[in-house]
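Please open the structure in a viewer and keep the sequence panel visible. This tour proposes a series of selections and describes what is found at each stop.

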Amino acid sequence: MAEKKAFASKFIAAPGKKFSLAEHDPRDDSAFDDKDKTKEQLLKDAAAIDGLQDRLFAEGKRALLVVLQGIDCSGKDGTVRAVFNASGPLGVTVKSFGVPSEVERAHDYLWRVHQACPAKGYIGVFNRSHYEDVLVVRVEKLAAADAIERRYDEINAFEKLVANSGTRILKFMLHVSKEEQAARLQERVDDPTKQWKFKAGDLATRAKWADYMAAYETAISRCSTEHAPWHIIPADRNWARNAAIARIVREALEEMNPQYPLPKDWDPKAVKIL
Ligand code: ADP
């Protein structure tokens, strides 16, 4: 188990420490030795997550929340597909957070987030999250500076509440390089099956790359906690990204070790069906 924990710890941004993205290479694949073997392992980990999710659901007492954040083309959708498709829709909920609706804007910024948190027994995946409220909102100055400043502590307190209520929280920053993003955007422009994903706004966001990365550094520095750690995932190589996240999710579920409940008030040996 100690060795397993060591895998996740390779990626965790140390709580309470100033975090710098410059120390993290988006192409780093040193956690894995071989691409083909790693892809095989990913399939095994995804299948194991499915089995563990079944136990989590049967136990019905706890939940797992997986937060995926990353700039456009960092591979959030691809991660969901690779890590959770084997689990199917029965016990996994996926919530994407876009520009808040009028109703959402009429509430505090965590209102829509709290509602989307997984119920006991479920794995919930956030495709973007409440961190947009300190990322795009900070870069584009969509809220007052002092209100944004308060949000880091508010988010930590909110995540503590969710964790104290039985939900394990794992946060992943999909760390893609500016060069790799350019290649992926170009592919979206060129490939007719991907053109639907391209939005002119993506280029405006790309033009503010340094501001976004600074906002990520602040968010990760202030909100990587023991109860909700940030993992920095090198995301230039899809296979390494998927494999790292699957492994960390699997290990967290194994640590949670959900149990099938024993029958209450009846004895399986005493039941005769035929
Ligand atoms: P994606 O790019 O994740 O595939 P979309 O194209 O729907 O999905 O983009 C979602 C957009 O919504 C992003 O530009 C994101 O910054 C924006 N967004 C998400 N949450 C907020 C928020 N709280 N305030 C403003 N914009 C937000």
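The stops below lead from the sheet to a helix beside it, then to individual residues, the ligand and the cysteines. Please bear in mind throughout that the model is predicted.

**The sheet**

Begin by displaying the strands as a cartoon. The open sheet has 5 strands in the order β2-β3-β1-β4-β5, paired in parallel. At its edges lie β2 (residues 92-96) and β5 (residues 230-234), each of which pairs on one side only. From one strand to the next, the twist averages 20 degrees.

In general, the strands of a sheet are paired through backbone hydrogen bonds, and the pairing may be parallel or antiparallel.

**Strand β3 and its partners**

Select residues 123-127, which form β3. How many residues of β3 are buried? The count is 5 of its 5 residues, and the strand is mostly covered. Colouring the two faces separately shows I123, V125 and N127 on one side, with G124 and F126 on the other, and all of these are buried.

Next, add the strands that pair with β3. β1 is joined to β3 in the parallel sense over 5 bridges, and β2 also runs parallel to β3, again with 5 bridges. Centre the view on N127: L68 stands opposite this residue, and S96 likewise stands opposite N127.

**Strand β4 and residue F172**

Move now to residues 167-175, strand β4, which pairs with β5 in the parallel sense over 5 bridges. One place to look is K171, whose bridge partner in β5 is W230.

Then select F172, also in strand β4. Is F172 buried or exposed? F172 has a relative accessible area of 0%, so it is buried. Beyond its neighbours within four places in sequence, F172 touches a set of residues that includes V66, V67, L68 and Q69, as well as W230, H231 and I233. I245, I248 and V249 are also among the residues touched by F172. For a sense of distance, draw a line from the C-alpha atom of F172 to that of R62: the two are separated by 20 Å, and the residues are 110 apart along the chain.

**Helix α2 and residue Q53**

Select residues 35-59 to show helix α2, in which Q53 lies. The helix packs on the sheet, where it touches β1, β2 and β3, and its direction makes about 120 degrees with that of β3.

Display the side chain of Q53. With a relative accessible area of 4%, Q53 is buried. Apart from neighbours within four places in sequence, Q53 is in contact with G91, V92, G121 and I123.

**Two loop residues**

Turn to D29, in the loop between α1 (residues 2-9) and α2. D29 is partly exposed, at 26% relative accessible area. Its contacts, leaving aside neighbours within four places in sequence, are R237, W239 and A240. The C-alpha atoms of D29 and A240 are separated by 6.2 Å, although the two residues are 211 apart along the chain.

Now select S177, in the loop between β4 and α8 (residues 178-190). S177 counts as buried, at 11% relative accessibility. A polar atom of the S177 side chain lies 3.1 Å from the backbone nitrogen of E180. Leaving aside neighbours within four places in sequence, S177 is in contact with P26, W209 and D236.

**The ligand**

Show the ligand together with the residues around it. Which residues are the closest to the ligand? Of the 14 residues that surround the ligand, the closest are V99, R128, E132, D133 and K199.

Three polar pairs can then be marked:

- K199: an N or O atom in its side chain is 2.7 Å from an oxygen atom of the ligand.
- G98: a backbone N or O atom lies 3.2 Å from a nitrogen atom of the ligand.
- D72: a polar side-chain atom lies 3.4 Å from an oxygen atom of the ligand.

**The cysteines**

Finish by selecting the cysteines. A disulfide is a covalent bond that links the sulfur atoms of two cysteines. With a cut-off of 2.5 Å between cysteine sulfur atoms, the count comes to 0 disulfides.

Why does C117 form no such bond? The closest cysteine sulfur, in C223, is 15 Å from the sulfur of C117, which is too far for a bond. C117 counts as buried, at 15% relative accessibility, and C73 is buried as well, with a relative accessible area of 7%.

Terms used:
Residues numbered from 1 in each chain as written. Predicted model: local features only at pLDDT ≥ 70, side-chain atom pairs only at ≥ 80, totals over all residues. Heavy atoms only, no water. Helix = DSSP H or I, 4+ residues; strand = E, 2+ residues; numbered from the N terminus. Buried < 20%, exposed > 50% of the residue type's maximum accessible area, 1.4 Å probe, protein only. Contact = heavy atoms within 4.5 Å. Pairing = 2+ DSSP bridges. Axes fitted to C-alpha atoms, helices over the stretch in contact; angles between N-to-C directions. Polar contact = N/O pair within 3.5 Å; in protein donor to acceptor, adjacent residues only side chain to side chain. Near = heavy atom within 4 Å.
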